[in-house]
Amino acid sequence: MDEKAWLAQLFEEQRPRLRSVAYRMLGSLSEAEDAVQEAWLRLDGVDATEIDSLPAWLTTVVSRECLNQLRTRQRRREDSLDAQTFERGDDFDLEEEAQLADSVGLALLVVLDSLGPAERIAFVLHDMFAVPFEDIATMLDRTPAAVRQIASRARRRVRGEQPSADVARSRQAVEAYLAAARGGDFEALLQLLDPDVVLHADASISGAPAPVVLRGVRSVSKGALLASDRARGTQVALVDGVPALVLAPRGRLEIVLTFTFDGDRITAIDVVGDPARLGALEITVP
């Protein structure tokens, strides 16, 4: 086996891990693949005998490429508020999105997307992949002590406050609602919703000229069933410390459902899609 074939074999062994690292940093599988491919192009152009640790070298290259992409993304958001909303492309696949959300955690992707580039890099590499602070410091051009502080700050934003017993109880109701919506279980929805439940949805979600309001358990249940496809790409998160549902294609927050409870019954649902309202919400991982 010649050197190039040997390097290619070693790279393919590292590809799944590199893709996993890049996906958590970027929240986009296509962008993660691009970052991994850039690492291969860089590897193909260097003298491999000078690399002490190939996994560490590849991780550094992928991380720096992700950092560049995150910084570019941040500049675009600062230039245009419209860029903060997710635009679904022609290649959007709900089934793929649901699988990715289940494997990584949709709420985590949403929170990571709210972090700055340095915070996201430090948290993902250290807390999720056990990369030493000293190595991350080199990538970020910071001291190890500074990177430790950055990761700590990101960790607090990701985890939020510890949930109470009431939050755990509410989460069970939200999970049951999501399961019923995904499964098209009309009878289960009737049991979960208060007879006089009210649903309010921002106009931006339906494209209507005014917010949509549904009243009564049957009307709201039918609306939930009509959104069953969307529910498959939705997961539970904590929104302002309370269990809620988030839809975030590629980790970009698009829709949030918040709930009001009376005991175990859901009395109101607020479907938030307006960018200004979404931006004011604090999302953490349950």
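Okay, let's start with one bit of vocabulary: the expected span of a helix is 1.5 Å times one less than its number of residues. Keep that in mind for helix H2. And before I go on, what you see here is a predicted model.

So, helix H2 covers residues 29-44, which gives it 16 residues. From the first C-alpha to the last, H2 reaches 23 Å, close to the 22 Å expected. Now, which residues of H2 are buried? Those are Ala 32, Ala 35, Val 36, Ala 39, Trp 40 and Leu 43. If you look down the axis of H2, these buried residues fall within an arc of 145°, so they line one face of the helix. The general background here is that an α-helix has 3.6 residues a turn, so residues three or four places apart point the same way.

Next, the sheet. How many strands does it have, and in what order? There are 7 strands in an open sheet, running E2-E1-E6-E5-E4-E3-E7, and the pairing is mixed. At the edges sit E2 and strand E7, residues 283-284, and each of these pairs on one side only.

Two helices that pack on this sheet are worth pointing out. One is helix H5, residues 106-114, which touches strand E3 (234-239), strand E4 (242-247) and E7. The direction of H5 makes about 55° with that of E3. The other is helix H12, residues 217-226, and that one touches E1, E2 and E6. The direction of H12 makes about 55° with that of E1.

Let's zoom in on E1, residues 193-201. On one hand, E1 pairs with strand E6 (residues 265-272) in the parallel sense, over 5 bridges. Val 198, for example, has Ala 268 in E6 as its bridge partner. On the other hand, E1 pairs with strand E2, residues 212-215, in the antiparallel sense, over 4 bridges. Here Ala 201 has Val 212 in E2 as its bridge partner. Ala 201 also stands opposite Val 271 in E6.

Last topic: salt bridges. The structure holds 13 of them, and I'll show you a few.

First up, Arg 15 and Glu 12, whose side chains meet at 3.0 Å, N to O. Where do these two sit? Both are in helix H1, residues 3-26, and they are 3 residues apart, so about one helical turn separates them. Are they buried or exposed? Arg 15 counts as buried, at 17% relative accessibility, while Glu 12 is partly exposed, at 42%.

Then there's Arg 155 with Asp 127, a salt bridge at 2.6 Å, N to O. This one goes from helix to helix: Arg 155 lies in helix H8 (residues 144-159) and Asp 127 in helix H6 (residues 117-129), so the pair ties together parts that are 28 residues apart in sequence. Asp 127 is partly exposed, with a relative accessibility of 27%.

A third example is Asp 270 with Arg 277, at 2.5 Å, N to O. Arg 277 is partly exposed too, with a relative accessible area of 34%.

And finally, which residues do shared salt-bridge partners join into one network? That network takes in Glu 31, Arg 73, Asp 113, Arg 120 and Arg 252. That's my tour, thanks!

Note on methods: Residues are numbered from 1 along each chain as its sequence is written. This is a predicted model: local features need pLDDT of at least 70, side-chain atom pairs count only at pLDDT 80 or more; totals for chains, interfaces and linings use all residues. Side-chain values use heavy atoms; hydrogens and water are left out. A salt bridge is a side-chain nitrogen of Lys or Arg within 4 Å of a carboxyl oxygen of Asp or Glu. Buried means under 20% relative accessible area, exposed over 50%, partly exposed in between (1.4 Å probe, protein chains only). The arc is that of the directions from the helix axis to the C-beta atoms. Two strands pair if DSSP finds at least two bridges between them. Contact means heavy atoms within 4.5 Å. Axes are lines fitted to C-alpha atoms, for helices over the stretch in contact, and angles run from 0 to 180 degrees between N-to-C directions.
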